[in-house]
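Reader: I'm new to this structure and would love a close look at one part of it. Could you walk me through the place where the ligand sits?

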Amino acid sequence: MDAQAHWEKVYAEKAPNAVSWYRPHLETSLALIERVSSRGSAIIDVGGGESTLVDDLLSHGYENVTVLDISEKAVDANKQRLGSASERVHWLVADITKSELPRSTYDVWHDRAVFHFLTAPSDREAYVRQAAYAVKPGGYVIVSTFGPEGPTKCSGLEVVRYDAESLHREFGVHFRLLESTKELHQTPFGTIQQFLYCSCRVE
Ligand SMILES: C[S@@+](CC[C@H](N)C(=O)[O-])C[C@H]1O[C@@H](n2cnc3c(N)ncnc32)[C@H](O)[C@@H]1O
């Protein structure tokens, strides 16, 4: 099954709050974004899924928010949940490793739990190229993956786990690591997963 078919099936079969990565609010993501942005910043949430980060960004006054996901079902679910507020968001259904985003457009790139699914080095390289192309020089890239003690699989797919050093190494010297933090995420089923968050500045 290709990646898009996999994720469409996940979102067709599971309620938004019945997936392991569900949190009512992505507090850590929001805090990291707020630290490096202003209300006019152009923000892209890569692989936003059905998360409420977009709701929270809008309610905090952000005016230029893009949500990209490989799953059309996830994007449609967000639009439904947000109602008329969804018209204030740019929506993209795309594979981040294959799509062509516009150049030097985003001030902040956010990804929670997408990069770690890229097990092929060529996909990781395509992702990093995309981030380097689409984020403005001086912009920020915030990426969250499973940490060194996190699960080895998610949603039935193999993942790559990272610590701050190994994640930063994937991005290279043009991304300056500003900070990293770990989070113990409690899944809706009561299990604990270690996440790592890294915030980098694009130089
Ligand atoms: C584990 S979920 C995380 C969703 C959301 N970021 C969150 O934290 O709640 C991974 C998301 O990435 C999307 N995704 C997976 N591979 C992708 C790709 N190559 N390009 C774009 N989105 C992708 C999936 O459809 C899914 O919504």
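Author: Happily; here is a tour of the ligand and its surroundings.

A word on the basis comes before the tour. This is a predicted model, in which local features need pLDDT of at least 70 and side-chain atom pairs count only at pLDDT 80 or more, while totals for chains, interfaces and linings use all residues. Residues are numbered from 1 along each chain as its sequence is written, and side-chain values use heavy atoms, with hydrogens and water left out.

The ligand sits in the largest pocket. A pocket here is an open set of points on a 1 Å grid over the protein atoms alone, where a 1.4 Å probe fits, with protein on both sides within 12 Å along at least five of seven lines; sitting in it means that more than half of the molecule's atoms lie within 2 Å of its grid points.

Around the ligand there are 19 residues, and the closest are Tyr11, Gly47, Asp69, Asp95 and Arg112; to count, a residue needs a heavy atom within 4 Å of the ligand. By class, this shell holds 11 nonpolar, 5 polar and 3 charged residues, with Asp, Glu, Lys and Arg as charged, Ala, Val, Leu, Ile, Met, Phe, Trp, Tyr, Cys and Pro as nonpolar, and the others, Gly among them, as polar.

Now for the ligand's nitrogen atoms. One lies 2.8 Å from a polar backbone atom of Gly47, and a polar backbone atom of Ile70 is 3.3 Å from a ligand nitrogen. Asp95 instead brings a polar side-chain atom, 2.9 Å from a nitrogen of the ligand.

Key: Polar contact = N/O pair within 3.5 Å; in protein donor to acceptor, adjacent residues only side chain to side chain. 1 Å grid on protein atoms, 1.4 Å probe; cavity = no way out; pocket = protein on both sides within 12 Å on 5 of 7 lines; lining within 4 Å.
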